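Let's take a walk through this structure, one piece at a time. Have the 3D view open as you read.

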Amino acid sequence: MANSNTAKDKVLEWVFKHLDFVFSILRIIKPNVVFKGNAIITRYEDVTEVLERDWVFQVPYAEKMEKVTNGSNFFLGMQDTEQYTRDVSNMRLTARRDDINNIIIPFVEKTCTEIIAASNGKMDVVQELTRVVPTRLIGEYFGTPGWNETEFTDAATNMFQYLFYPDDPEVEKKALDAAEKTRNYLDQAITERKAKRASRDDVLERCLKLQDAGMPGMTDIDIRNNFIGLIIGAIPTTSKCAAITLNHLFNNPELLVLAQQAARVDDDQKMIQFVQESLRLNAFAAGIKRVCAEDYVVAKGTLRSTKIPKGTIVLAATQSAMMDWRKITKPKEFRLDRPAYSYMHFGYGLHTCFGQYINLSQIPAIIKAVLKQNVLQRVSEMKVVEPFPVSLEIEFKK
Ligand code: HEM
């Protein structure tokens with residue numbers, strides 16, 4: 001038994017190490033695999049079909065969300081219900097698109113500049129920059145800096161791993177402890193703000209204004225739930241994407257030179273494309289999980305048509321879709337002129353990332369600040385403790 005387990009573990013380890021290769025084979029020989037209650041969807045067209053049919057392929061996060069929020073849900077864990085629309089709409093009123101230019105970009109640029117200026121030309125970008133900046137943005141923009149910056153970042157990271165990665169009792173324990181701490185902190189932050197209103201214009205203040213106006217879905221607990229979900233979604237993800245992008249550029253010195261040239265002339269559009277393309281070739285995650293709510297045939301009427309039985313856990317492999325030559329021209333090439341539909345880092349369909357426009361500003365701004373430095377080099381390989389990068393040491397001349 002022990003031997004067969006070791007052999008299985010070894011096979012799985014190999015598969016995870018060579019996912020791009022495995023997906024490329026599947027896309028040809030068996031694009032939609034159904035196996036022991038699980039399914040993997042690998043072609044672009046089929047991945048979008050799954051993610052578009054949100055009433056068939058439903059989000060599976062509610063149970064864990066309820067544990068994290070202590071009995072409620074958060075809109076990523078909801079199907080397309082009245083409550084989903086209400087909560088997303090409320091938060092869109094408080095976290096507005098024009099905040100990106102007015103608040104977010106200036107704050108991220110200033111914070112990066114200060115952190116880099118305070119360094120001595122040597123830094124661990126993950127620990128000192130990519131984890132710190134999104135946490136400080138949550139502090140400034142949402143109005144909730146956390147009880148302690150590092151612990152708040154770790155809490156968001158632990159809860160993210162619990163919600164979106166396979167079950168693990170150790171991860172669960174850490175995440176639920178973190179959730180309790182985060183809930184207590186947010187309760188206190190909301191109470192304190194209510195005692196001292198209008199001192200700032202941030203997402204928390206705007207939520208309380210909606211509460212004053214009697215807007216449904218804006219009780220203290222509702223605000224807390226929304227904040228928990230947004231904090232979890234915002235911090236570890238941004239850090240990972242920024243670290244992956246920088247690491248890809250360090251792995252490809254000719255791209256690093258081009259990216260540095262673009263950074264120095266503030267070519268922000270090009271910075272976005274560097275981020276998008278680096279992430280396409282080094283995916284944030286293999287895909288997006290769904291549970292199939294009714295028997296359904298994917299790619300109906302084609303040779304690869306596949307029945308997905310009700311109850312199947314489905315991985316819509318966005319990593320694979322973004323490498324599918326049927327939609328993405330020469331997918332292995334790094335290109336800066338690909339159309340936006342080439343990218344699915346931030347999901348697709350109903351639950352597309354709430355922060356997608358923030359991401360395409362914050363991540364490029366973080367990497368731009370690093371790329372502007374002279375004689376920039378990586379000191380050691382990026383270290384990852386799955387699923388997050390934990391260290392990427394660099395050196396530069398100030
Ligand atoms: C920076 C990197 C980020 C990545 C790679 C990322 C990725 C994703 C993905 C793949 C989804 C879809 C999940 C699904 O369909 O099951 C998603 C949803 C979501 N993300 Fe992000 N995210 C990022 C940043 C952020 C930020 C900065 C925020 C908050 C400001 C955020 C908040 C959310 C929320 C609330 C949802 C759920 C949306 C809904 O249910 O309608 N994310 N994200």
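At what angle do α10 and α12 pack, and how far apart are their axes?

## The α10–α12 pair

Keep in mind that this is a predicted model. Helix α10, residues 169-195, packs with α12 at an angle of about 125°, and the two axes are 10 Å apart. That makes α10 oblique to α12, since an angle counts as roughly perpendicular from 65 to 115 degrees and as roughly antiparallel over 145. The crossing in which α10 passes α12 is right-handed.

Who makes the contact? On the α10 side it's Thr182, Arg183, Leu186, Asp187 and Ile190, while α12 brings Asp220, Ile223, Arg224, Phe227 and Ile228. Sorted by type, the residues of this contact come out as five nonpolar, four charged and one polar.

## Around the ligand

α12 turns up again at the ligand, where it gives seven residues to the shell, the largest share. The shell has 23 residues, and the closest to the ligand are Gly233, Thr237, Gly347, Cys353 and Gly355. Two elements give two or more residues to it: α12 (220-251) and α16 (356-371).

What about charge? There are no charged residues in the shell around the ligand, which divides into 14 nonpolar and nine polar.

## The three-stranded sheet

Now for the strands. One open sheet has three of them in the order β4-β12-β9, with antiparallel pairing. β4 (122-124) and β9 (374-378) each have a single partner strand, so one side of each edge strand is left without a neighbour in the sheet. On average, neighbouring strands here are turned by 20° against each other, ignoring direction.

If you want to follow the pairing by eye, try β9 and β12 (residues 393-397), which run antiparallel and are joined by three bridges. Arg378, for instance, has Ile394 in β12 as its bridge partner.

## The five-stranded sheet and α3

There's also an open sheet of five strands, ordered β1-β2-β8-β5-β3, and its pairing is mixed. The edges belong to β1 (32-35) and β3 (57-58), each of which pairs on one side only.

Further in, β5 (residues 288-292) and β8 (residues 313-316) pair in the antiparallel sense over four bridges. Look for Ile288, which stands opposite Ala316 in β8. Helix α3, residues 44-52, lies across β1, β2 (38-41), β3, β5 and β8, and runs at about 125° to β8.

Methods
Residues numbered from 1 in each chain as written. Predicted model: local features only at pLDDT ≥ 70, side-chain atom pairs only at ≥ 80, totals over all residues. Near = placed C-beta within 6 Å. Nonpolar A, V, L, I, M, F, W, Y, C, P; charged D, E, K, R; others polar. Pairing = 2+ DSSP bridges. Axes fitted to C-alpha atoms, helices over the stretch in contact; angles between N-to-C directions. Parallel < 35°, antiparallel > 145°, perpendicular 65-115°, else oblique. Left-handed = near helix turned anticlockwise from the far one by under 90°. Contact = placed C-beta atoms within 7 Å.
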